Amino acid sequence: MNANTPKNHAMRCATLTALLLPAFALPALAAASRPFSAQKPADPTGTVEIIDVEGSIDIAGWDQPSVEVTGTIGAKVERVDVASSGNRTTVRVVLPRGSNGGGDDDYEAHLKIRVPQKSQLEVSLVSADLRLAGVAGTAHLQTVSGEINGDGGGGDLEVASVSGDIHLSARGSHSGRFKTVSGDLVISGVDGDVQLSTVSGDARLTLGTLSRAQLSSVSGDVNVTANGLAAAGQLAADSVSGDVGVHLGAVPDADIDVQAFSGEIHNCFGPKAVEEQYGPGSRLSFRSGKGGGHIQIDSKSGDVTLCAGK
Amino acid sequence: MTTPRFTTIEDALASLPRAVQPARDLWPAISRELAAPPADVALAGGAAARDTAPRFALKSWPLALAASLAVASLAGALCWSVWRERPAAALVARTAPAPAPVTARTLVNFEPLHNAEYVSARSDLEQVFNERLKLLAPATRARIQADLETIRKANADIRAALGKDPASPLLLKLLQNTGQQEIDLYTSVAQTTEPMLARRT
Amino acid sequence: MEGQDFEALYRAHVGQVYGLCLRLTGQPALAEDCTQECFIKAWRALPGFEGRSQMATWLHRIAVNTVLGLRRRRPGDALRDAALLDDAIAEALPSGDDAPGTLDLEAALDRLPQGARDVLVLVGVYGHSHEAAASMLGIAVGTSKAQLHRGRRLLARQLGIGMEAA
């Protein structure tokens, strides 16, 4: 089943090298990017792994049991490996040994990749931008500085960025884990379990009903708008200096405990926050509705806003 | 007898200094004791102590993951995303030179079971992080360094606040989170720069 | 929790823990042992600390527990050293404080019977409730209140201070 035997692989390498050789031999000539295309059969519910340093990757789900890669690659891109083994297909953009991308387009790969719509995705990019749509399996996406846009197709999401911004629609998804350092995050649609960690990136989440939310920030502002908190749902948020805003569509049945060391607490329901008895800070602690759930927000100097109902 | 300063016993007692500094710094002896091998844990209370000592009831989920993984799997202890199946230890083996000596900057984890491995892995992870930074474009590198500064400054702010308000579990928890954020940053950079490593053909 | 962060916690709380140990044991050297043991226990108990109660209260609880343990293990060490205690407390006072008055009070506290002193220290100096103090000392709440009343009466007599209306 595996068409990518070492022999074929070597032949492909030799061919590509031959094609590339003139470019290396005559560095004075502007090297052109070249087209690339490949297709491999793929397990309809298998995993597709995509690795690229620079450029742009556009992933779309389709109803074929194969992975199709088309696009252009820069002159200094050594090759693009597309290989299937068992239920895993890998698309890897390979740069010459010793180079790590130079910030110029010779190292870029701009690829459109079609994958079976129920595939699991594992995407590792450095500065390449990612667009994603119509893939329903679990998606693990990571980037350093590339941007991530599109929709999660309804599957679970696990997204990590260092400085790239993330804009994803996750309608139909029941679990989302998002981690950023300085990239901004705009996520909509997760209904269920959400985890977020940011250092300085701002996060805006528009979610369904939360069964479990864990939000952590250093200086980024975090804003969550959700339909509501599930019965016995848990929301925990903490921030050092970023502001935290939680807006629920319905008044929750939860024990609420908000503490701010020097930030202000603004709440639209429940009693007013009180100053701490020992030491600085203010606290808002009360039972909302029938209780059962738990909302806990801790902040050092960020302001906290908690609202519910129309 | 001197003239009484207070009108009531309550006032008098409440005026006494709650904090009294010991004549000498007790921290060195305490930290030595805490860094000692697990034998103390067993002596301190048998099975119950063994059950509770290794685990930390931390709210942050990455370490909650670590709590359930074996000591040997540093991936669980240090990596956010276990699904990558590329433990920090493996990353380190591939790229790091001989582990740097433990410097004063390196945080020491008193976790009895993880002591030596944790210290070594943490130091290695920092090294991998620094190596990988060099691979990145200057603008990206600058952003990452700025964010590391943000985390460290937040950490310092919280410590300063703790100095003035010792009775604050809120600050303590936030301090813990910033420590975790720093490790997460190293891990993120280490993992996301993997595509840049020179590959063998 | 990193070791460096636990050190920060230590530095933030050692004064109160030592102060508590010192007044309960009456001996600086024993109070040092008590403080060390308290923080070691605190580190090991940290997994069970949910973080929603006051850290200081939690540490005080461990400190009192440690003192009680020391008392059981070293019954011969019942000798309190008033002079050393004086010096230790004097060091803690901010300059300009009415030192003689405060030291008189500490000395008077030191001369009280142990049961009354324990409660006066926990409730009067450290501001704990009777419920908390009783729980820490392993006594009934009623006993705690009785000890407090007795201690106040004795102190008042020694210092010539009026009693607060009970």
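**Helix packing in chains B and C**

In this predicted model, helices H8(B) and H9(B) pack with their axes 9 Å apart and at an angle of about 165°; axes here are lines fitted to C-alpha atoms, for helices over the stretch in contact, and angles run from 0 to 180 degrees between N-to-C directions. The two helices H8(B) and H9(B) are therefore roughly antiparallel, a label kept for angles over 145 degrees, while angles under 35 count as roughly parallel, 65 to 115 as roughly perpendicular and the rest as oblique. The crossing of H8(B) and H9(B) is left-handed, that is, the near helix is turned anticlockwise from the far one by less than a right angle, with clockwise giving right-handed. Helices are DSSP runs of H or I with at least four residues, and strands are runs of E with at least two, numbered from the N terminus.

A few words on conventions help here. Residues are numbered from 1 along each chain as its sequence is written, and chains are lettered from A and ligands numbered from 1 in the order in which they are written. Because the model is predicted, local features need pLDDT of at least 70 and side-chain atom pairs count only at pLDDT 80 or more, whereas totals for chains, interfaces and linings use all residues.

Turning to H9(B) itself, 23 of its 24 residues are buried, meaning that 20 or more other C-beta atoms, placed from the backbone, lie within 10 Å of a residue's own (exposed: 12 or fewer; partly exposed: in between). The end C-alpha atoms of H9(B), residues 169-192, are 34 Å apart, in agreement with the 34 Å expected at 1.5 Å a residue; the expected span is 1.5 Å times one less than the number of residues.

Chain B also touches chain A, with 41 residues from chain B and 46 residues from chain A in the contact, where two residues are in contact if their C-beta atoms, placed from the backbone, lie within 7 Å. On the chain B side, H9(B) gives the most, with 13 residues.

In chain C, which has 8 helices and 0 strands, 48% of the 166 residues count as buried. The axes of H6(C), residues 114-125, and H7(C), residues 130-137, come within 9 Å and cross at roughly 135°. H6(C) and H7(C) are therefore oblique to each other, and their crossing is right-handed. The H6(C) side of this contact is made by C:Asp118, C:Val119, C:Leu122 and C:Val123, and the H7(C) side by C:His130, C:Ala133, C:Met136 and C:Leu137.
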